[in-house]
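Me: I've got a model open and would like to go through it with you before I set anything up. Can we take it piece by piece?
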Amino acid sequence: MAVKARHSVQIIISACFAAVLFTVAACSGGYHTADVNDEKKVYRIDEHGAKTAIQDTDDPAANRQPTAQEIAEQLSTKRADRVEPPSKRQQSDPIYVSLAPPVLDAQMQKAERSKGAVAEQIRNELEADPNIRLIEENGNRSGLLKPHGAASADVEVLSKVSLKEAYGIDRKTGKPSKALAVVFEATITSQVPSATYNVSESGHALRNLEVSKRFAKQIKQVILEKIGPGIAAR
């Protein structure tokens, strides 16, 4: 009876010891191999005892646990592959604008008192803004009007000006009348972010200066308010 009792105690101790080993293995995590549908699979066991299949055992690399150096290299590769979004420009940072001379139709060319006067009107309005820096095709200008050739353009502005007959109401007589109107049109393009805007302004030809100021104001609003916030910092 004593022998049987000792044998029973040894069995119980062995069973407890095996249970303790299984618990320790589950808590510490590790790898486990099992046959699934006549195919060997390798599982990773986490600290809670949950199993996750990792790869086929036919691959020799599956028979060993990755080294700390390999894990570090994998993490480094993932960080390198992650593309960080470019930081946005600050509100006070300049926006570089390529301003091409406006294209004048035949009537406007004849009506222009001095060559380049219309282009100068538009340019002066844009240059007056502290956040806009012009990049222009004409490299012969100097001083404050000298183009910033060293910088690439954030925005491109193409414009045209034309004279057209327009019908309206004569303020004095209250009757329909025909007058000559000046029409300004511009296409404003940004590469990053990719966007295109069109603006236009028109008015009596004798109020050309006033109309050009309103036109330039529209261009500035598009550049500063719609395109500017999305431009990346330089």
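Reply: Gladly, and one convention should come first, since it is needed for the neighbour lists: contact means heavy atoms within 4.5 Å. Please also keep in mind that this is a predicted model.

Me: Fine. Using that, what does Ser159 touch?
Reply: Leaving out residues up to four places away in sequence, Ser159 touches Ala100, Pro101, Pro102, Val103, Ile122, Glu185, Ala186 and Phe215.

Me: And where is Ser159, and is it buried or exposed?
Reply: Ser159 has its place in strand 7, and because its relative accessibility is 8%, it counts as buried.

Me: Let's zoom out. How many helices and strands are there in the chain?
Reply: The chain has five helices and nine strands, and their order along the sequence is α-β-β-β-α-β-β-α-α-β-β-β-β-α.

Me: What share of the chain is buried?
Reply: Of the 234 residues in the chain, 27% are buried. As for contacts, if one takes those between residues at least 6 apart in sequence, 51% of them join residues at least 24 apart.

Me: Now the helix packing. How do helix 4 and helix 5 cross?
Reply: Helix 4 covers residues 117–127 and helix 5 covers residues 208–227, and their axes come within 9 Å and cross at roughly 45°. That angle makes helix 4 oblique to helix 5, and the crossing of the two helices is right-handed.

Me: Which residues make that contact?
Reply: From helix 4 the contact is made by Val118, Gln121, Ile122, Glu125 and Leu126, while helix 5 contributes Asn208, Leu209, Ser212, Lys213, Phe215, Ala216, Ile219 and Lys220. Sorted by character, the residues of this contact divide into seven nonpolar, three polar and three charged. Two of these residues, Ile122 of helix 4 and Phe215 of helix 5, also appear among the residues that Ser159 touches.

Me: Switching to electrostatics: how many salt bridges does a search of the whole structure find?
Reply: The search finds five salt bridges. One of them joins Arg123 and Glu120, with the closest N and O atoms 2.2 Å apart.

Me: Where do those two sit relative to each other?
Reply: Arg123 and Glu120 both lie in helix 4, three residues apart, which is about one turn of the helix. Arg123 is buried, with a relative accessible area of 10%, whereas Glu120, at 27% relative accessibility, counts as partly exposed.

Me: What about Lys160, which partner does it have?
Reply: The side chain of Lys160 meets that of Glu185 in a salt bridge, at 3.9 Å from N to O. This pair links distant parts of the chain, since Lys160 belongs to strand 7 (residues 155–169) and Glu185 to strand 8 (residues 176–190), 25 residues apart. Both are partly exposed, Lys160 with a relative accessible area of 45% and Glu185 with one of 28%. Glu185 is also among the residues touched by Ser159.

Me: And which residue pairs with Glu201?
Reply: Glu201 forms a salt bridge with Arg214, and the closest N and O atoms are 3.2 Å apart. Here too the pair links distant parts of the chain, with Glu201 in strand 9 (residues 195–204) and Arg214 in helix 5, 13 residues apart. At 18% relative accessibility Glu201 counts as buried, while Arg214, at 32%, counts as partly exposed.

Me: Which residues are linked with that pair in a network of salt bridges?
Reply: Glu210 is linked with them, so to speak as the third member, in a network of salt bridges that holds Glu201, Glu210 and Arg214.Me: Now the loops. Where is Ala153, and what does it touch?
Reply: Ala153 has its place in the loop between strand 6 (132–135) and strand 7, and at 39% relative accessibility it counts as partly exposed. Not counting residues up to four places away in sequence, Ala153 touches Tyr96, Ser98, Ile135 and Arg234. Ala153 and Ser190 are 37 residues apart in sequence and 8.9 Å apart in space, C-alpha to C-alpha.

Me: Last one, for setting up torsions: is the peptide bond from Val192 to Pro193 cis or trans?
Reply: The bond from Val192 to Pro193 is cis, with omega near 0°, and Pro193 is found in the loop between strand 8 and strand 9.

How values were computed: Residues are numbered from 1 along each chain as its sequence is written. This is a predicted model: local features need pLDDT of at least 70, side-chain atom pairs count only at pLDDT 80 or more; totals for chains, interfaces and linings use all residues. Side-chain values use heavy atoms; hydrogens and water are left out. Axes are lines fitted to C-alpha atoms, for helices over the stretch in contact, and angles run from 0 to 180 degrees between N-to-C directions. Helices (H or I, at least four residues) and strands (E, at least two) are DSSP runs, numbered from the N terminus. Angles under 35 degrees count as roughly parallel, over 145 as roughly antiparallel, 65 to 115 as roughly perpendicular and the rest as oblique. A crossing is left-handed if the near helix is turned anticlockwise from the far one by less than a right angle, and right-handed if clockwise. Ala, Val, Leu, Ile, Met, Phe, Trp, Tyr, Cys and Pro count as nonpolar, Asp, Glu, Lys and Arg as charged, and the others, Gly among them, as polar. A salt bridge is a side-chain nitrogen of Lys or Arg within 4 Å of a carboxyl oxygen of Asp or Glu. Buried means under 20% relative accessible area, exposed over 50%, partly exposed in between (1.4 Å probe, protein chains only).
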